[in-house]
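Trainee: I have a new model open and would like to go through it. May we begin with the basic terms?

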Amino acid sequence: IRRWRSILTVVLAGLLTFGGVLFVAGLLRTERPPHMKPVVVASGEWAPFVGPDLPEGGPIAEVMQEVLATAGFNPQVTFLSWAEVERRIDQGSVFGGFPLVLSKDRQSRMLYSVPIFSAEYVIFVRAGAANSPKTAEDLSQLKVGGITGYDYWAELDDVVVDMNRYDDIVDGFAALLAGEIDVFVEASAPAQHVLNDPEIPFDRTSFAVVESKEAWARSMEDLVFMVPKTKEGEKSIARINRALA
């Protein structure tokens, strides 16, 4: 009896010790930061918001890296053309991309977060141009320029049948100044960032913004983070939305 009591005491002590270790380990696990899953995310060059030449990739890149880290991801940001950003998301070869306009076409093909921020898009013309559009009908008769890989707003798409595409904002303004196009569509802040650059080979006073407040002439667009349309993507977007909130 004494021998069995001794064995039982040892067994109970072992069980209690083992249980205590499991309990403490469980508490420690709950205090650890969430596992940071390495992911590659894509963005384009769009100063002053994002770009490889901006400090930390630009303020929006900094925000998204913090958001993704809060959501449990360890992001590596790679900068590509906007068309390539969209293609990589469609293919699933990157975790996601940002900041992208939430167009109807993209909504049908990709999953998206709540808005990160909003940007106003406007129409630029040559200063003093006689053919500056006053109506949607005027615009439909002109040669319109935009950026490769951009999606614009619905009211503009309804008016513009064909758009000449350029690789970057500088090329777009150069084409406008040269008369290759009659108008150039771009977000106001990135456009002004380019026009204020002293290294740009043209003067900002050479351009003006179409003053109309009509929906075809300007739009405030939400920009979002997008991921491939998969079950895993649904879970990721839910986590990212919580982090953004």
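Mentor: Certainly. Helices, of at least four residues, and strands, of at least two, are DSSP runs, and they are numbered from the N terminus. Please keep in mind that this is a predicted model.

Trainee: How many helices and strands are there in the protein chain?

Mentor: The protein chain has nine helices and ten strands.

Trainee: And what share of the residues is buried?

Mentor: Of the 245 residues in the protein chain, 42% are buried. The chain exposes about 13500 Å², with carbon and sulfur atoms supplying 55% of that area.

Trainee: Which residues touch the most other members of the largest nonpolar core?

Mentor: They are Trp46, Tyr121, Phe173 and Phe225, in a core of 68 residues. Strand β5 (residues 117–126) gives the largest share of this core, seven residues. In soluble globular proteins, nonpolar side chains tend to be buried together.

Trainee: What does Trp46 touch?

Mentor: Leaving out residues up to four places away in sequence, Trp46 touches several residues, including Trp82, Phe117, Tyr121, Ile169 and Leu223.

Trainee: Changing topic: what is the volume of the largest pocket?

Mentor: Its volume is about 510 Å³. There are 22 lining residues, and Glu45, Trp46, Ala47, Asp168 and Ile169 are the closest to the centre of the pocket.

Trainee: Which elements give two or more residues to that lining?

Mentor: Those elements are α3 (82–91), α7 (169–178) and α8 (188–195).

Trainee: How do the lining residues divide into nonpolar, polar and charged?

Mentor: The lining has 13 nonpolar, four polar and five charged residues. Trp46 thus links our two topics: Trp46 belongs to the largest nonpolar core and also lines the largest pocket.

Terms used:
Residues are numbered from 1 along each chain as its sequence is written. This is a predicted model: local features need pLDDT of at least 70, side-chain atom pairs count only at pLDDT 80 or more; totals for chains, interfaces and linings use all residues. Side-chain values use heavy atoms; hydrogens and water are left out. Buried means under 20% relative accessible area, exposed over 50%, partly exposed in between (1.4 Å probe, protein chains only). Accessible areas come from the Shrake-Rupley method with a 1.4 Å probe; for residues, only the protein chains shown count as cover. On a 1 Å grid over the protein atoms alone, a cavity is a set of points where a 1.4 Å probe fits but cannot get out, and a pocket is an open set with protein on both sides within 12 Å along at least five of seven lines; lining residues have an atom within 4 Å of a point. Grid points are joined across faces, edges and corners, and a volume is the space filled by probe spheres set on the points. Ala, Val, Leu, Ile, Met, Phe, Trp, Tyr, Cys and Pro count as nonpolar, Asp, Glu, Lys and Arg as charged, and the others, Gly among them, as polar. A nonpolar core is a set of buried Ala, Val, Leu, Ile, Met, Phe, Trp, Tyr and Cys residues joined through side-chain atoms within 4.5 Å. Contact means heavy atoms within 4.5 Å.
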